[in-house]
Amino acid sequence: QNTTRWKGGVSQTTVEAMAAYSKQLWPDMVTMVRVVPSWLAQAPVTYRYLDAAYAQYAPRRGDPAQWVAGEVVFAKRLGLGLVLSMNVLDGGSKNSGIPGLSTGKFAMSAAELQRNGAAMLQEAYGCAFIMYRYDATYYNRSDIKAVMAGLSQMARSHPATSCRQ
């Protein structure tokens, strides 16, 4: 959907065709695309070969629990699994005060990490949970370590969900 990166964008039809081609080569492979289900739903495509979509939370998306719930509705409607993600190093608010990796971006504060991570992990439909990128300085902060311990426990108790629906 990124028209600046992909010179006009890659259509939903092309995404499904790419998944079909992948399944020709590797029939048992789970196929995923790093795009939200709400975008995939904007075209009248039946996804027979694509298995899962990818929803990465950012503060501009608003309340994380409401946003995830909305993307789950689209994923279910399309028959797709859903990988849930957060860009912890560049997806925080300005109020976090923790410089991000990119100029003008901020890392998530411990409070943001807790709120957003809990919203992701409380969604039973999610088939995977990713915290995009690792940075030792960030993850070694005592406040971040404490939140990560709690999120790790939540992840361990999350019901196993297949990315193939």
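Modeller: Let's fix the term up front: a salt bridge is a side-chain nitrogen of Lys or Arg within 4 Å of a carboxyl oxygen of Asp or Glu. This is a predicted model, where local features need pLDDT of at least 70, side-chain atom pairs count only at pLDDT 80 or more, and totals for chains, interfaces and linings use all residues. Residues are numbered from 1 along each chain as its sequence is written, and side-chain values use heavy atoms, with hydrogens and water left out.

Biologist: What makes D143 and R141 a salt bridge?

Modeller: Their side chains meet at 2.9 Å, N to O, and the cut-off is within 4 Å, so the pair qualifies.

Biologist: Why does K23 count as buried?

Modeller: Buried means under 20% relative accessible area, exposed over 50%, partly exposed in between (1.4 Å probe, protein chains only). K23 has 14% relative accessibility, so K23 counts as buried. D51 counts as buried too, because its value is 10%.

Biologist: And what makes K23 and D51 a salt bridge?

Modeller: The N to O distance is 2.7 Å, so the pair meets the criterion.

Biologist: Why do D63 and R115 count as partly exposed?

Modeller: D63 is at 31%, so D63 falls in between the two cut-offs. R115 is at 46%, so R115 does as well. Their side chains meet in a salt bridge at 3.2 Å, N to O.

Biologist: How do you know that L40 is in contact with A53?

Modeller: Contact means heavy atoms within 4.5 Å. A53 is among the residues in contact with L40, though their C-alpha atoms are 8.3 Å apart.

Definitions and conventions:
Lists of a residue's contacts leave out its neighbours within four places in sequence.
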